[in-house]
Amino acid sequence: MEIQPVHSEKGFSLIEILLVISLMVIILSLATPNLFNPLGKEKVSSLTNDLTANIKDAQTKAMHSETLGQGATSEFGVHFTANNYTIFRGTIFNPADADNFSVSVESGLTINPNLPCLSSPNDCNNIVFSKLTGEVQNYDQTKNSLCLVDTLNNRMLITTNLLGVINAQTGSC
């Protein structure tokens, strides 16, 4: 008896090809949202760095008695809204003051302030530094934070203490 070789055709069947393609689609669909997440984290991190630098700038101006061309020294502060923040002179934010330095937040990022509100509307969501000492005026340990959030829900919590020392923690707000 003579054994004849089995004739096999080379290549893949339609079922095998469809199975491989469907597995690739599933893997790519799971990986795609994570490809954009590092970009969101970088935006939140960049805003944190800019915000920290500007808060420290306001404190430095108060401590070094910067006058901005005015005769007397003054307190300086930072006023926060969801999409911008403003460095201002004095103890109460005046949106019409020409000396204000305002910074708009990049689209897709939001600032959620948890700061004292002494009297509405312009005395809310401010960090005000005392002249010469640089301490935070009207400091409240339970209301001393900002939460930065992007559209992918990356978060950064920024807190200050009485002396104006800034601390930033990821994902905890």
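**Pocket, sheet and a buried serine**

By class, the lining of the largest pocket comprises seven nonpolar, six polar and three charged residues. The structure is a predicted model, and the points below take up this pocket, an open sheet of four strands, and the surroundings of Ser74.

**The largest pocket**
- The volume of the largest pocket comes to about 170 Å³, and 16 residues line this pocket.
- Of these lining residues, Pro116, Asn126, Val128, Gln137 and Asn138 lie nearest the centre of the pocket.
- Strand β5, which covers residues 126-129, supplies the largest share of the lining, namely three residues.

**The open sheet**
- Four strands form an open sheet in the order β4-β6-β7-β8, and their pairing is antiparallel.
- At the edges of this sheet are β4 (109-114) and β8 (166-170), each of which pairs on one side only, while the twist from one strand to the next averages 20 degrees.
- Strand β4 is joined by six bridges to strand β6 (residues 145-150), and the two run antiparallel; across this pairing, Ile111 stands opposite Leu148 in β6.
- In general, strands of a sheet pair through backbone hydrogen bonds, in either a parallel or an antiparallel manner.

**Ser74**
- Ser74 is placed in the loop between α1 (14-63) and β1 (76-80).
- Ser74 counts as buried because its relative accessibility is 8%, where the cut-off for buried is under 20%.
- A polar atom of the Ser74 side chain lies 3.4 Å from the backbone nitrogen of Gly90.

Methods: Residues numbered from 1 in each chain as written. Predicted model: local features only at pLDDT ≥ 70, side-chain atom pairs only at ≥ 80, totals over all residues. Heavy atoms only, no water. 1 Å grid on protein atoms, 1.4 Å probe; cavity = no way out; pocket = protein on both sides within 12 Å on 5 of 7 lines; lining within 4 Å. Points joined across faces, edges and corners; volume = space filled by probe spheres on them. Nonpolar A, V, L, I, M, F, W, Y, C, P; charged D, E, K, R; others polar. Pairing = 2+ DSSP bridges. Axes fitted to C-alpha atoms, helices over the stretch in contact; angles between N-to-C directions. Buried < 20%, exposed > 50% of the residue type's maximum accessible area, 1.4 Å probe, protein only. Polar contact = N/O pair within 3.5 Å; in protein donor to acceptor, adjacent residues only side chain to side chain.
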